[in-house]
Amino acid sequence: MANTSPSQVTQHLLVVLVEDHPGVLNRVVSLMRRRSFNIDSITVGHSEQPGVSRMTIVVNGADDEVEQVGKQLYKLLEVLKVTDITDQPCVARELALIKVAAKSQTRAEILQIAQIYGARVLDASPNSLLMEATGGEDKIDALLGMLRGFGIRELVRTGRIAMVRGPQTAQTDGTGRRSGRSLERITEGTVAVAE
Amino acid sequence: MAVAATPRRAPSPPPAAGRAATAHPAEGQVLSGSQLTCAALEAEGVSTVFGYPGGAVIPLYDALPGSSLHHVLVRFEQWAVLAADGYARATGEVGVCMATSGPGATNLVTGLANALLDSVPLVAITGQVPQPMIGRDAFQEVDITGITLPVTKHNYLVQRAEDIAPTIKEAFYLARSGRPGPVLVDIPKNVFLARAPFHYPETVARRGYQPSHIPNQRQVRLAAEAINRAERPLIMAGHGIMLAGATDLFREFVERSGIPVIFTLLGLGAFPESHPLSLGMMGMHGHREANAALERCDLLVNIGARFDDRATGRIDGFAPNAKVVHVDIDPAEIGKNVVTDVPVVGDAGEALRLLIPEVTPRRHEEWVAWIDTQRNRALHAALEDRPQTPEPYAIIRAIAEATDGQAIVTTDVGQHQMWSAQHFGYDHPDRWISSGGLGTMGYGLPAAIGAKIGRPDLEVWAVVGDGGFQMSLNELATAAQEGLDLNVAVINNGYLGMVRQWQDLFHAKNYSEVAISGPDFVKLAEAYGVTGIRVRRDDEILPAIERARSIPGPVVVEFVVEPEANVYPIVPPGASNSEAMHDRWVDEASV
């Protein structure tokens, strides 16, 4: 019997459904910090159920660490459901607003780049363009890479939100089973049995 | 010594004499927030609260005399919460404390952390500045719900008077259910003053809180199979057995399976130490045979303990040959520190109830005989020597002898705590009350106050060091004011002994800031209007203890001991339990 073996650190995508109470974000973030869990991004917003908010948390860690994240999250009263959808077919998106320096001689080239990445221009001034881009993180990264040379004046990214493909939901799939690797309240059966 | 395990829940103590039990308010009766608070506490069956008044809770204290609650006025809020902690551990009921906003509330933080780490059911009620002042840095304003987020099981800031009673209902439910813990309820002053109808809900329903009480039958069967197959099984008994009130079931399980038992610090009392299958405490200051059995066992059955690092030592050297069965009500404890082969998530009592019929009755004679060869007989023989200066372990043994092992022992933290854990011999549950996880110095006296109020039928001894006692000795005034018949044994070595011991053993005897002077403890006791006794010689130990027992009210007995006595065995920091250091009395033949 040995300590939890140091398995590989990977990025995990967690969907967390929480009761929409004051301070719930504080509780979640405080818990992650206290337990030294490494959050890459966290987004919060309303879900399809009134009174229930949905958090998407991108967290870096080994599988067993992320399982511990789930168990600790379940100890918060407001947390209703934690699902690790890392290995699920899912749609993951983030939104970026980018204000890029644009003079008359560079404007056409920037608009061309925006078109390639499907970014929409929302505002313009003599010296700048404001555009919105949605997509996976790699796409946003690539767009920013193309724009960097022109001078990015201001940038905001929302962090990732995600949804599993197909009819199933973060609550249950059509058969009542949970989708994704649900981090169960009760861990029984998830651990190999003594031989 | 009697080895009968007593039921955890003592009958609730009657309200203090002369205190008329007031009738509960009727549903719908309009009351002030303060009255609602008292009514909710009464509805929970609370008889005693520990607290300290202040500006924001003046309205609450205005309502107290009209309630049936007995308020114990402490001398420092930190000791209010730890007295409530001692009360909870002694009775199995939820301990209750109250404090004002600002410094009153922040003084509770240590005690809340103490209760969280040791899974003690507590409800703390704090006053807050009036709602319009919140966020304006008002006088005595602190964000206590923010501050106590990581040291409570849950906390609340009550916004409306009509929410007070349902919130307190939920707070008590949370504190005592699942894995018990502290819950804080913060109530603004104007909410105490507002009026609302009394409504006390029958039940609590929170979607996000469903403790796993009953374990999965399949996992229980797998645990039983592992137990029935094992050649050298060992049970690790934790606090959870007592929290579940399952000491009788545990004894039945141990005697049926024939498996020897080691204890975590807080597990002491889960099973009689005088029983032949009892090996005593494990871990950093564990008995030699307990740690030797850990090293050699092929199956470790942990019931109600959380694999604390003081119990496990270096984790990769912990029980290196064993498969692990872990019974815990908190799923987050499974696999947190130690890889578990068979997790059983549920209440220890429910798990044992299901496990007992599945376990084959056995006797592990060869295995138990091998463990017996690991006892350090040289040490045991040396402990019988009685030099002229009082030896700390001799004091602990004398208290056990004088009280026939029936007393409640509370401690501070350090050497005296480990001597008390090693040498008292706990045969009954809930008699050993010590700060395990947090290691809170000063705990001993306030915990003894709480324990004595909760269990007036039992003799109570606070065993403290001269360091820790100087943190909380002001509570002698509380004990005197309450007229509590409790005794304080001060093990005075003139040092912060455990730190000095580490400096001695691991820091080249560099005694940095550990020599500590103190008052004349006999005169101090007299100044508080209580009796003080000083013991300087071994032959005075037992007479002094008997004298203290015969005097009603608080008694302080100061034992002047050898300044540089060390606690042995000791596992050096970062080492495995098998690498314990022993005193000069180590039995070389059995190493």
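**Exercise 1. Disulfides**

Find out how many disulfides this predicted model holds over all its chains, and work out why B:Cys38 and B:Cys97 do not form one.

*Solution.* Start with the search result: over all chains of this predicted model, zero disulfides turn up. Next, recall the cut-off, which asks for two cysteine sulfur atoms within 2.5 Å. Now take B:Cys38. The closest cysteine sulfur to its own belongs to B:Cys97 and sits 15 Å away, so the gap is too far for a bond. Check it from the other side too: for B:Cys97 the closest cysteine sulfur is that of B:Cys38, again at 15 Å and too far for a bond. Finally, look at their surroundings. B:Cys38 counts as buried at 3% relative accessibility, and B:Cys97 is buried as well, at 0%.

**Exercise 2. A helix and its length**

Decide whether the span of helix H3 of chain B agrees with its number of residues, then say whether the helix is covered.

*Solution.* Helix H3 of chain B covers residues 77-91, which makes 15 residues. At 1.5 Å a residue, the expected span is 21 Å. Use one less than the number of residues when you do the multiplication. The end C-alpha atoms of this helix are 21 Å apart, so the two values agree. As for cover, 15 of the 15 residues of H3(B) are buried, so the helix is mostly covered given the under 20% cut-off. Step just past the end of H3(B) and you meet B:Gly92, whose phi is positive at about 80 degrees.

**Exercise 3. Unusual backbone spots**

Locate A:Ser36, B:Ala508 and B:Pro569, and say what is unusual about the backbone at each.

*Solution.* First, the background: most residues other than glycine have a negative phi, and most peptide bonds are trans.

- A:Ser36 has a phi near 60 degrees, positive even though the residue is not glycine. Look for it in the loop between helix H1 (24-34) and strand S2 (38-46) of chain A. With 64% relative accessibility, A:Ser36 is exposed.
- B:Ala508 is another non-glycine with a positive phi, about 50 degrees. Its loop runs between helix H22 (497-506) and helix H23 (521-527) of chain B. At a relative accessible area of 72%, B:Ala508 counts as exposed.
- B:Pro569 is joined to B:Tyr568 by a cis peptide bond, with omega about -5 degrees. You'll find B:Pro569 in the segment after strand S20 (555-560) of chain B.

**Exercise 4. A hole inside**

How many cavities of 30 Å³ or more does the structure have, and which residues line the second largest?

*Solution.* The whole-structure search gives two cavities of 30 Å³ or more. Go to the second largest, with a volume of about 40 Å³. Its lining is made up of B:Asn291, B:Leu294, B:Glu295, B:Gly317, B:Phe318, B:Ala319, B:Pro320, B:Asn577 and B:Ser578. Sort these residues by type and you get four nonpolar, four polar and one charged.

**Exercise 5. The two chains overall**

Describe the make-up of chain B and of chain A, and judge whether chain B is as compact as a globular protein of its length.

*Solution.* Begin with chain B, which has 24 helices and 20 strands. Its radius of gyration is 24 Å, close to the 25 Å given by the globule rule for 591 residues, so chain B is as compact as a globular protein of that length. Along the principal axes, the C-alpha trace of chain B spans about 75 × 60 × 45 Å. Of its 591 residues, 63% count as buried.

Then turn to chain A, with four helices and ten strands. Reading from the N terminus, the order is β-α-β-β-α-β-β-α-β-β-α-β-β-β. Among the 195 residues of chain A, 42% are buried.

**Exercise 6. Distances across a chain**

Give the C-alpha separation of B:Val142 and B:Ile334, and that of A:Ala119 and A:Leu80.

*Solution.* B:Val142 sits in the loop between strand S5 (122-128) and helix H6 (144-147) of chain B. It is partly exposed, at 21% relative accessibility. From B:Val142 to B:Ile334 there are 192 residues along the chain, and their C-alpha atoms are 36 Å apart.

In chain A, A:Ala119 is in the loop between helix H3 (104-116) and strand S6 (120-125). A:Ala119 is buried, with a relative accessible area of 12%. A:Leu80 is 39 residues away from A:Ala119 in sequence, and 36 Å away C-alpha to C-alpha.

Key. Residues are numbered from 1 along each chain as its sequence is written. Chains are lettered from A and ligands numbered from 1 in the order in which they are written. This is a predicted model: local features need pLDDT of at least 70, side-chain atom pairs count only at pLDDT 80 or more; totals for chains, interfaces and linings use all residues. Side-chain values use heavy atoms; hydrogens and water are left out. Helices (H or I, at least four residues) and strands (E, at least two) are DSSP runs, numbered from the N terminus. Buried means under 20% relative accessible area, exposed over 50%, partly exposed in between (1.4 Å probe, protein chains only). On a 1 Å grid over the protein atoms alone, a cavity is a set of points where a 1.4 Å probe fits but cannot get out, and a pocket is an open set with protein on both sides within 12 Å along at least five of seven lines; lining residues have an atom within 4 Å of a point. Grid points are joined across faces, edges and corners, and a volume is the space filled by probe spheres set on the points. Ala, Val, Leu, Ile, Met, Phe, Trp, Tyr, Cys and Pro count as nonpolar, Asp, Glu, Lys and Arg as charged, and the others, Gly among them, as polar. The radius of gyration is taken over C-alpha atoms; the globule rule is 2.2 Å times the number of residues to the power 0.38.
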